[in-house]
Every structure is written in C-alpha cells, then in structure tokens.
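Trainee: Got a minute to go through this one with me? I'd like to start with how burial gets called.

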Amino acid sequence: DHDHLTLRGDPSRPTPWLAAFCELVARDTPLHRCLLLHAGAVTVEGGVALLVAPPGVGKTTAVRAAGARAFASNAVLVDLSQEAPMVLAMPFTRDPAPELESLRSMPLAAFAFVHRSSDPTIEWISGSLATIRLMPHVTRPRRGDPYARARTDLALSMGSRARAMRLGLPWGPGYLAALDEALKLTAQCT
C-alpha cells in the first residue's frame, strides 16, 4: 500500500519533510519489531548509551558536548528483532542537527535516564523500573495507533535488554567520564 502526506509550511525547509517522515516511522515501526524513542545517544564501550529525558533537560546539549562520540541528538530507532537490540539515529521533527546524527547502527549498551545535577552521578536501576521509565518516551503516532498493543509489548521487553541507570547530568562533558567508568565497572562484575 502507500501513504499520502500533506506538507504544510515551506517545503524547502527540512522540518516539514522530517516531521512527515518521522510520523510514518513512529506509526509503523512495531510492524518490524522496532520502536522510535525520544532520546539522545552517545557511543560507549560496547555500543550506544541512550540519554532519555523529557524535553529541555539537555539531551541535545549533552550529545553536542560529546564531540566525536555523538550518535543521535534527539531520536533513535531501536531494532528489537535480534537478540541484541540495535540502535540507529533518526532526525527528529523539531531541531534537526545532522552533524550529531550517526549514519551507522550500533548495539544498545545502556539506558541513562537523565536529570540535572551539579556533579555527574550514577544510580543503577532494575529492568522493571527502566521499563516504566521508558514508556513515556516511546514515540507514538499523533492519531489513533493501529499498533498500540505491539508497541506496548515491545516497550515492555526493551527495558530488560540493557543496563539502566539514573544519570546526573552537569553542564559540560564531565558526565561522559562518569558514564564510561560506571559501564566499565559493571562489565567487569558480570
């Protein structure tokens, strides 16, 4: 089948095109055992750590501060069809930042639920708590969701498939060292 898109605004600017494309992706990803998440991402040893937080906390700022380790500024596609989930950067509908978007896919290494803090802090959380915290960040279509049940099932399974933490995010790049150290320590313990 096919979809008809109506673009409003100036079609020469990328935002209407990205918004329409992301709307289709958000709607149809469960058909392919994938989910679109509102999250930034940085590379870490073993793959990608997703920076998950409400708008305005500083995900894009943190990704920008990561320099060459930037992976995605504001949205990711998580492919759950394999044993190890894979992550791809997706341009988001609001502020496209192509310089921060990776063109490759990488394994999901960790979820970092970001909050503002004066110092970088790490608090590990369980897979069940990660699942609960992920649910509001799973991007859904604006109108009726024909795949609501599949989307919920995929989101429920995703939280237990990677390590999860609360990450205190200071302004500046200091959080990357804390994130790397925490992931290195847990890898040594497992």
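Mentor: Sure: buried means under 20% relative accessible area, exposed over 50%, and partly exposed in between, with a 1.4 Å probe and protein chains only. This is a predicted model, so to speak of local features we need pLDDT of at least 70, side-chain atom pairs count only at pLDDT 80 or more, and totals for chains, interfaces and linings use all residues. Residues are numbered from 1 along each chain as its sequence is written, and side-chain values use heavy atoms, with hydrogens and water left out.

Trainee: OK. Why does Phe 111 count as buried?

Mentor: Because its relative accessibility is 0%.

Trainee: And how many aromatic pairs are there in the whole structure?

Mentor: The search finds 1. Phe 111 and Phe 113 are stacked, 6.4 Å centre to centre with 25 degrees between the planes. For Phe, Tyr and Trp (its six-membered ring), centres within 6.5 Å make a pair; planes under 30 degrees apart are stacked, over 60 edge-to-face, the rest tilted.

Trainee: Is Phe 113 buried or exposed?

Mentor: Buried, because its relative accessible area is 4%.

Trainee: What sits over the ring of Phe 113?

Mentor: The charged end of Arg 133, 5.8 Å from the ring centre. The test is NZ of Lys or CZ of Arg within 6 Å of the ring centre and within 35 degrees of the ring normal.

Trainee: Switching to the largest nonpolar core, which residues have the most contacts inside it?

Mentor: Leu 50, Val 76 and Phe 111, in a core of 28 residues. Such a core is a set of buried Ala, Val, Leu, Ile, Met, Phe, Trp, Tyr and Cys residues joined through side-chain atoms within 4.5 Å. Strand E7 (106-116) and helix H4 (148-158) are among the elements that each supply at least two residues. E7 gives the most, with 4 residues. Helices (H or I, at least four residues) and strands (E, at least two) are DSSP runs, numbered from the N terminus.

Trainee: Any polar stuff? Where is Asn 74?

Mentor: In the loop between strand E4 (70-72) and strand E5 (76-79). Asn 74 counts as buried because its relative accessible area is 13%.

Trainee: What does its side chain make a polar contact with?

Mentor: The side chain of His 38, at 3.0 Å. That means N or O atoms within 3.5 Å; within protein, one must be able to donate a hydrogen and the other to accept it, and residues adjacent in sequence count only if both atoms are side-chain atoms.
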